[in-house]
Amino acid sequence: MKVIALNASARKNGNTAILLNLVLDELKAEGIETELIQMAGTALPGCKACYKCFKKKDKHCSVETDMLNEIIDKMLAAEGILLGSPTYFSDVTANMRAFIERCGFVARANDYMFKGKVGAAVVAVRRAGAIQAFSGMNLFLHYMQMMMPGTSYWSIGVGRDIGDVLKDDEGIQTMKDLGKNMAWLMKKVYA
Ligand SMILES: Cc1cc2nc3c(=O)[nH]c(=O)nc-3n(C[C@H](O)[C@H](O)[C@H](O)COP(=O)(O)O)c2cc1C
């Protein structure tokens with residue numbers, strides 16, 4: 001079994017990556033393979049509403065000049081999907097938003113191709129707006145008909161500078177519990 005984690009932060013090894021890795025460490029401890037995909041350095045454009053994915057139904061976006069189709073292929077091959085975004089102006093980053101629009105439309109065009117996979121989301125935040133970002137990703141996972149594990153609070157870590165989230169004990173516990181619950185659910189669904 002494998003989990004693909006997607007980090008939509010502009011900082012490759014920032015707080016979102018730290019939070020995602022806390023979840024991935026728990027999954028690894030349960031024998032689940034993991035891979036972290038970084039979006040830093042890329043600027044994913046949003047959906048251009050060409051509707052070619054509904055015509056072609058080939059599980060890919062018609063825009064082939066960026067990393068979206070590569071991410072989709074990795075998601076298709078995995079049993080678990082973990083999304084991570086920092087809070088930017090009380091929402092997810094532009095890259096996460098573009099990913100949701102395009103990946104979501106391709107999945108809709110292809111009979112909900114991620115249906116039944118296990119999906120979860122984590123957010124890094126300095127102060128406010130994390131719930132909106134958290135909700136945006138969870139609304140996507142829900143619409144994709146993924147199975148969504150809970151955790152001991154909402155999976156949000158507080159911090160501004162890189163590494164600050166490691167001072168947020170409650171946030172750390174939330175990530176660890178999410179990893180354990182995700183592993184438990186994946187084993188129930190796929191073992
Ligand atoms: C463009 C931009 C917008 C931000 N907007 C918010 C915000 O609305 N609320 C907040 O609490 N923090 C905001 N932050 C701070 C980040 O959410 C915070 O530093 C987070 O830990 C960054 O995670 P990262 O290291 O993975 O990029 C913003 C940061 C940037 C660069």
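Q: Which element gives the most to the lining of the second largest pocket, and with how many residues?
A: That's helix 6, with 3 residues. Keep in mind that this is a predicted model.

Q: What is the volume of that second largest pocket, and which residues sit closest to its centre?
A: Its volume is about 160 Å³. There are 13 lining residues, and the closest to the centre are Val125, Tyr153, Ile156, Val158 and Asp168. Helix 5 (130-143), strand 5 (156-158) and helix 6 (169-190) are the elements that give two or more residues to this lining.

Q: How does the lining of the second largest pocket divide by class?
A: You get 7 nonpolar, 3 polar and 3 charged residues. Val125, for instance, lines this pocket, and Val counts as nonpolar. Asp168 lines it too, and Asp counts as charged.

Q: Why is the pair between the ligand and the side chain of Arg11 called a polar contact?
A: An oxygen atom of the ligand is 2.9 Å from an N or O atom in the side chain of Arg11. The cut-off for a pair of N or O atoms is 3.5 Å, so this pair counts as a polar contact.

Q: What makes Phe89 and Gly159 partners of the ligand in polar contacts?
A: Use the 3.5 Å limit again. A polar backbone atom of Phe89 is 2.9 Å from a nitrogen atom of the ligand, so that pair passes. For Gly159, a backbone N or O atom lies 2.7 Å from an oxygen atom of the ligand, so that pair passes as well. As for cover, the protein hides 78% of the 650 Å² of accessible area that the ligand has on its own.

Q: Which residues around the ligand are the closest?
A: Out of 17 surrounding residues, the closest are Ser9, Thr16, Arg127, Ala128 and Gly159. By class, this shell has 6 nonpolar, 7 polar and 4 charged residues.

Q: Which pocket is the space taken by the ligand?
A: The ligand takes the space of the largest pocket. Helix 1 (15-29) and strand 4 (118-125) are the elements that give two or more residues to the shell around the ligand.

Q: What is the volume of the largest pocket, and what lines it?
A: The volume is about 310 Å³. Of 15 lining residues, Pro86, Thr87, Tyr88, Arg126 and Arg160 are the closest to the centre. The elements that give two or more residues to this lining are helix 1 and strand 4. By class, the lining has 5 nonpolar, 6 polar and 4 charged residues.

Key
Residues numbered from 1 in each chain as written. Predicted model: local features only at pLDDT ≥ 70, side-chain atom pairs only at ≥ 80, totals over all residues. Heavy atoms only, no water. Near = heavy atom within 4 Å. Polar contact = N/O pair within 3.5 Å; in protein donor to acceptor, adjacent residues only side chain to side chain. Areas by Shrake-Rupley, 256 points an atom, 1.4 Å probe, with all protein chains shown as cover. 1 Å grid on protein atoms, 1.4 Å probe; cavity = no way out; pocket = protein on both sides within 12 Å on 5 of 7 lines; lining within 4 Å. Sits in = over half its atoms within 2 Å of the grid points. Helix = DSSP H or I, 4+ residues; strand = E, 2+ residues; numbered from the N terminus. Points joined across faces, edges and corners; volume = space filled by probe spheres on them.
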